[in-house]
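Hi everyone, thanks for coming. I'll walk you through one helix and then one ligand site, so please have a look at the picture first.

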Amino acid sequence: MKLLITGGAGFIGSHVVRLFVEKYPEYHIFNLDALTYAGNLENLVDIEQAPNYTFIKGDITDEDFINGLFHSYKFDKVIHLAAESHVDRSIEDPLAFVKTNVMGTMNLLNAFKNLWKADFNDKLFYHISTDEVYGSLGQTGLFTETTSYDPNSPYSASKASSDHFVRAYGETYGMPYVITNCSNNYGQHQFPEKLIPLFINNIIHNRPLPVYGDGNYTRDWLYVKDHAIAIDLVFHEGKNTETYNIGGFNEWKNIDLVRLLCEQMDIELGRVKGSSEQLITYVKDRPGHDLRYAIDASKIKNELGWEPTVTFEQGLAKTIKWYLNNEGWLSNVTTGQYQSYYAKQYN
Ligand code: NAD
Ligand code: TYD
């Protein structure tokens, strides 16, 4: 099987690529990635020489390139993760999100459909999406697979749009597909613009921890390797045209999470208890900030037998240790462009 994974040099993609390369020597894994600021081949050094792995540098928004690539390699299946993924960046530059997340997905869908439309047997387009397409919950309730789409940020609107196109290609052209909508991931290799790695990096350097608004926003956190395990399962056992929600059964208010992180960081860094908490700084809220995300993951649990394997405390401890042991990785990704992004975003 020739399996194309897009966005495999990014955070979640690199965990998915590693899992498939190691677990399925009989598949050939092609990792297509444009290596934007978020893509980093350092994430994959341990498997880059594997005989069943090929990296291809390329941009999914380049229609001719994508058509040529599918024509040459004839990928049987696709796991599509490549995306612009940060809400704050989508507020600054929505069009970049339309280009990659909508147009880029369209190019992949068209190339895949045109290649296999005569016979879709044993073919699959697996689209990786987010719980943010469902919008915001109040204090109660959970997102299920039938919750109406109600995206609030340019990021979630672009992901919602791409989800709709995937479904439409299934309905219209009979293209086999599955979609998963997952909650917030955390773990090693996450770019330090997202809450957890940003705050770990700031604590290391004794910089303020910018909590948006009053910090009473809730997210449902999942350890990235558990997401990769779920993707493996859905790829092999998910039913054609189905959607599965993936979540951590693990809701945290931002401020409580930040306090736990500070506590664990103080221990790891041998600092006086309570010292990292003093870095907490409440800053201007994110516009259109979704109050609460929480996933009902009972479908994937009941139908495919998936459950997270790692508790939040364990996952967070592993994550902190990884960042502290890989300060070289952190400093490589936080030079250059990162500095100007940080200055603009946080003044
Ligand atoms: P990321 O930003 O860490 O990685 C994205 C990857 O896509 C990078 O390697 C980047 O170089 C690549 N990429 C970006 N634009 C590209 C283009 N035009 N052509 C080719 N490659 C391009 O993102 P992530 O957090 O790993 O998220 C991966 C996927 O999972 C995304 O589709 C995202 O919407 C989804 N998702 C993320 C989360 C989360 O918490 N991070 C949760 C649910 C779903
Ligand atoms: P983030 O990691 O950007 O993920 P998402 O917006 O996709 O959920 O943010 C997680 C939560 O943390 C979200 O409620 C916004 C908040 N947040 C802050 O309070 N400060 C920050 O500097 C960042 C990046 C996020």
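Let's start with a bit of bookkeeping: the expected span of a helix is 1.5 Å times one less than its number of residues. Keep in mind that what you see is a predicted model.

Now try that on helix H8, residues 254–269. It has 16 residues, so it should span 22 Å, and its end C-alpha atoms are indeed 22 Å apart, which agrees. Just past H8, Gly 270 has a positive phi of about 65 degrees.

Which residues of H8 are buried? They are Asn 254, Ile 255, Leu 257, Val 258, Leu 260, Leu 261, Cys 262, Gln 264, Met 265 and Asp 266. And what do they pack against? Their partners include helix H6 (195–204), strand E11 (251–253) and helix H10 (312–325).

Okay, on to ligand 1. There are 29 residues around it, and Ile 12, Asp 33, Ser 85, Tyr 155 and Lys 159 come nearest. By class, that shell has 13 nonpolar, 13 polar and 3 charged residues.

Here are some polar atom pairs. In the side chain of Ser 85, an N or O atom is 2.6 Å from an oxygen atom of ligand 1. For Asp 59, a side-chain N or O atom sits 2.8 Å from a nitrogen atom of the ligand. With Leu 35 the backbone is involved: one of its N or O atoms lies 3.5 Å from a ligand oxygen atom.

Taken alone, ligand 1 exposes 840 Å², and the protein buries 96% of that. As for the shell, strand E5 gives the largest share, 3 residues. That's it from me!

Conventions. Residues numbered from 1 in each chain as written. Chains lettered and ligands numbered in written order. Predicted model: local features only at pLDDT ≥ 70, side-chain atom pairs only at ≥ 80, totals over all residues. Heavy atoms only, no water. Helix = DSSP H or I, 4+ residues; strand = E, 2+ residues; numbered from the N terminus. Buried < 20%, exposed > 50% of the residue type's maximum accessible area, 1.4 Å probe, protein only. Contact = heavy atoms within 4.5 Å. Near = heavy atom within 4 Å. Polar contact = N/O pair within 3.5 Å; in protein donor to acceptor, adjacent residues only side chain to side chain. Areas by Shrake-Rupley, 256 points an atom, 1.4 Å probe, with all protein chains shown as cover. Nonpolar A, V, L, I, M, F, W, Y, C, P; charged D, E, K, R; others polar.
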